[in-house]
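Here is a friendly walk through one structure, from the way its helices pack to the pocket they help to line. Keep the 3D view open as you read.

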Amino acid sequence: MTLGQTQWTNVGVLASGRGSNFEALLRHEREGYFAKVRIVCLIVDKSDAGALHIAERYGVTFHIVRRKDFSSKEEFEQSIVSILESHEVEWVALAGYMRLVGRTLLERFPQRILNIHPALLPAFPGLHAQRQALEYGVKVSGCTVHFVDEGMDTGPIIVQRCVPVLPGDTEDTLAARILNQEHEAYSEALKAVTERPWCLEGRIVRFLDETANGKGTNLP
Ligand code: GRF
């Protein structure tokens, strides 16, 4: 490496569907929002995932790895690990990846896998989070970016954003309002963990540049 050259942080994205969060991360990367992050590959577990078209449009290398082509979850995840290693990936972002991450991936990327969930965790984990929020009758919901652990949406929280739940809301209108916030929150979290000093105290993500009034010192 020559002097003054940026040391990139390679990020791999795992998705199963539409890929709007993947696209938001790419857009922010191309706009220069991140100092270090470079999104180097997309891996999908479904050959019809919309995220594939986004990867094509942005010129990002993509791979299709289907669970049914492997006899065990370990072999399936080992194949994903090998692809991520071939791209020298350091951080993994799950963006609508509809599988519980297993030990093979977690042990290879400890505290290096992020997920985004369309609710204010620990409320409404798992599937249909927006429907759960509406049925429960909450007045506020939102999204959470968190580290992935062995549980379902249980890892340490990095960023949350809230939105109001309005009287006439349907699952679709609430999902759309939350999705707008997801597209900002995911990049904010990825930028924070790759550019700011942090540590884990139990399940608390502590940013070491944070002052008593909660403001980071190295971000505008
Ligand atoms: C998002 O709502 C995300 O929070 C959840 O799955 C959805 C994926 O949407 N995990 P997209 O594929 O990123 O558009």
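## How H1 packs against H6

In this predicted model, the crossing of H1 past H6 is right-handed. The axes of these two helices lie 9 Å apart, and the packing angle is about 50°. An angle of that size makes H1 oblique to H6, because it falls neither under 35 degrees nor within 65 to 115.

## How H1 packs against H2

H1 has a second partner to look at: helix H2, which covers residues 51–58. Here the two axes come within 9 Å and cross at roughly 20°. Since angles under 35 degrees count as roughly parallel, H1 is therefore roughly parallel to H2. The crossing of H1 past H2 is right-handed.

## The largest pocket

Now turn to the largest pocket, which has a volume of about 900 Å³. Its lining is made up of 33 residues, and those nearest the centre are Gly96, Tyr97, Met98, Ile116 and Pro118. By type, the lining residues divide into 15 nonpolar, 13 polar and five charged.

Which elements give two or more residues to this lining? They are helix H1 (20–30), strand E5 (113–117), helix H5 (129–136) and helix H6 (171–195). H6 provides the largest share, with four residues.

## Where the pocket sits

Why does the largest pocket lie between domain 1 and domain 2? Residues from both domain 1 (1–109) and domain 2 (115–220) contribute to its lining, so the pocket lies between the two.

Note on methods
Residues are numbered from 1 along each chain as its sequence is written. This is a predicted model: local features need pLDDT of at least 70, side-chain atom pairs count only at pLDDT 80 or more; totals for chains, interfaces and linings use all residues. Side-chain values use heavy atoms; hydrogens and water are left out. On a 1 Å grid over the protein atoms alone, a cavity is a set of points where a 1.4 Å probe fits but cannot get out, and a pocket is an open set with protein on both sides within 12 Å along at least five of seven lines; lining residues have an atom within 4 Å of a point. Grid points are joined across faces, edges and corners, and a volume is the space filled by probe spheres set on the points. Ala, Val, Leu, Ile, Met, Phe, Trp, Tyr, Cys and Pro count as nonpolar, Asp, Glu, Lys and Arg as charged, and the others, Gly among them, as polar. Domain bounds come from an automatic or database domain assignment. Axes are lines fitted to C-alpha atoms, for helices over the stretch in contact, and angles run from 0 to 180 degrees between N-to-C directions. Angles under 35 degrees count as roughly parallel, over 145 as roughly antiparallel, 65 to 115 as roughly perpendicular and the rest as oblique. A crossing is left-handed if the near helix is turned anticlockwise from the far one by less than a right angle, and right-handed if clockwise.
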